[in-house]
Amino acid sequence: MDRNPLSVHELTLYIKRLVERDELLSGVWVKGELSNFKAHTSGHMYFTLKDEQSQLKCVMFRSNAAKLAFRPESGMQVLLFGSVSVYERDGAYQMYAVDMEPAGKGALALQYEQLKNRLEAEGLFDQRLKRPLPLMPRRVGLITAMTGAAIRDLISVSTRRFPGIRLLVAPALVQGAEAPASLIRALKLVAAQPAIDVIIIGRGGGSLEDLWAFNNEELARAIRACPVPVVSAVGHETDFTIADFVADLRAPTPSAAAELVVPSRSELVSRITQFQSRMITLTHRVIEQKRLRLKALAQRPVLLRPQGRLLQDRQRLDELVRRLQYSRTPLLKRNRQRLEGLAGRLDALSPLAVLSRGYAITRDAEGRVIREAAAVTVGEQVKVMLHQGELTCVVEATSQPEGGEQK
Amino acid sequence: MKQGTFFDDEQNEADAKANKVSFEEALQRLEQVVRQLENGELSLEQALALFQEGVALARTATRQLDDAEGRIEKLLEENGQVTVTEVEPK
């Protein structure tokens, strides 16, 4: 047998051609754990994909590496897509990866993070979009599975708080691939029913995978678009689902959701009662204030003796009127009155006035006033002056008063 | 609450008005009435009118609480047909 040796390079090229002709190796998904991960400054990524038995050298060039939505790290479980070829210099086969996705538990967390960031950037979680819950909902929509603790808790807490509450349950799948579509459908149907004022959507607690339906983008959008407020109630105290972020209110459990949505009847009754008694007290206070004011006014003197004051005023008025009239009497008239008054007094002094009372004055021919009988002789003529007119008389006799004084 | 003969007609009128509002509106308005009575420099007429309104609101709110009949219903969709049926609570 002739020895016709190939060069190392020739053999390597041969192997390379074999590998590159293989259909499977030209485009294959492979899963494993990242190790020796190095992101070179050039932008290329060099790493090893391994499992318990084997390892595979890999490279991802910059053009593909730049498109990755997450940052790969050693230890991560990933899915790689690419082709396998031979690196001639080392004579080693390696994978030329064009795409990489996180796999396993880390994958969900990463997808969740990516969806959350995207919806948040879009503004779907904006606090300003959150609507307040009604104080007393006419009818509450419940969207959850018909079996399990969630629906039981929702109904028992709701009816305990408010026995008169109206609940509308829309059963939905809360787990599995069909759950998001089922939840969305139920949400839309319930929201379209009359008198629905608020909707609780949720399920009991579970693993991250169990709750996965509530991290669905379409469901998140349906919740945001719902015409009535939505309360999320995914039974997991610590972790938030996308539904929690997008809902108008997040309750940590279905029981808590019922507490938040359904008012306590006794609390409402006591609120009404408090308002009522406060109102009565305040109204009494207003009336009392008015009464006191009225009392204070009534004690003023003007109201106590209204007539006294009136009479006083009347008197004063009369006085003023009189003074006014007096002041208006013309000066001349006043003086004439005064003159007349004086004239009257003069008259009273005049002897003539005496005549009017029946007295008479007797005078002799010379006009001398005769005061005694002896001043005249019998036969002498005298004149007697009366109040009206004069008499001429002849003395027929004279007589002297007996014992009369002689002058 | 016995109202006696005190402003009966006006009270009836206030009741009729209050009956038209929802529980929520009634409670909010009642709170407002109390606040107005607390703060305002009110005339006697205004205070009494507010009181009457408040009494009517409290009545209608309480009645709405009393009248509410609990019901649990279930929505089912089959072949595009949506039905709502009452279920017995456990």
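**Group meeting: salt bridges and the A–B interface**

Okay, let me start with a pair of side chains: Glu366(A) and Arg368(A) meet in a salt bridge, with N to O at 3.5 Å. Keep in mind that this is a predicted model. How accessible are the two partners? Glu366(A) is exposed, at 61% relative accessible area, and Arg368(A) counts as exposed too, with 53% relative accessibility. Exposed here means over 50%, so both residues qualify.

Next pair, again within chain A. Arg128(A) forms a salt bridge with Asp126(A), and the closest N and O atoms are 2.8 Å apart. Here the two partners fall into separate classes. Arg128(A) has a relative accessible area of 73%, which makes it exposed, whereas Asp126(A), at 25%, is partly exposed. The partly exposed class runs between the 20% and 50% cut-offs, so that's why Asp126(A) lands there with its 25%.

Then there's a helix pair. Arg221(A) and Glu217(A) make a salt bridge through their side chains, 3.0 Å from N to O. Where do they sit? Both are in helix α6 of chain A, which covers residues 217–225, and they are 4 residues apart, about one turn of the helix. Arg221(A) is partly exposed, with a relative accessible area of 32%. And this pair has company: a network of salt bridges links Arg118(A), Glu122(A), Glu217(A) and Arg221(A). If you search the whole structure, over all chains, you get 24 salt bridges.

Quick word on chain A as a whole. We've got 13 helices and 13 strands. Of its 407 residues, 35% are buried. As for contacts, if you take those in chain A with a separation of 6 or more, 59% come from residues 24 or more positions apart.

Now, the interface. People often quote interface size as the accessible area lost when the parts come together. For chain A and chain B, that's about 3300 Å² buried between them, with 71% of it on carbon and sulfur atoms. Which three residues of chain A supply the most? That would be Ile272(A), Phe275(A) and Met279(A), with 19% of the area chain A buries against chain B, more than any other three residues. Counting residues instead, 37 from chain A are in contact with 35 from chain B.

There's a polar side to this as well. Between chain A and chain B we count 11 residue pairs in polar contact, both residues at pLDDT 80 or more. Which elements of chain A are involved in touching chain B? The ones giving two or more residues are α4 (149–161), β7 (166–171), α5 (179–191) and α9 (265–298). The biggest contributor is α9(A), with 16 residues. By class, chain A's side of the interface has 24 nonpolar, 5 polar and 8 charged residues.

Speaking of charges, how many salt bridges cross from chain A to chain B? The rule finds 5. One to pull up on your screens is between the side chains of Arg185(A) and Glu77(B), at 2.5 Å from N to O.

Last thing, the strands. β7(A) is joined by 4 bridges to strand β1 of chain B, residues 71–78, and the two run parallel. To find your way there, look for Arg166(A), which stands opposite Arg71(B) in β1(B).

That's it from me, thanks.

How values were computed. Residues are numbered from 1 along each chain as its sequence is written. Chains are lettered from A and ligands numbered from 1 in the order in which they are written. This is a predicted model: local features need pLDDT of at least 70, side-chain atom pairs count only at pLDDT 80 or more; totals for chains, interfaces and linings use all residues. Side-chain values use heavy atoms; hydrogens and water are left out. Contact means heavy atoms within 4.5 Å. Buried area is the accessible area (1.4 Å probe) that two parts lose on being put together, summed over both. A salt bridge is a side-chain nitrogen of Lys or Arg within 4 Å of a carboxyl oxygen of Asp or Glu. A polar contact is a pair of N or O atoms within 3.5 Å; within protein, one must be able to donate a hydrogen and the other to accept it, and residues adjacent in sequence count only if both atoms are side-chain atoms. Ala, Val, Leu, Ile, Met, Phe, Trp, Tyr, Cys and Pro count as nonpolar, Asp, Glu, Lys and Arg as charged, and the others, Gly among them, as polar. Two strands pair if DSSP finds at least two bridges between them. Buried means under 20% relative accessible area, exposed over 50%, partly exposed in between (1.4 Å probe, protein chains only).
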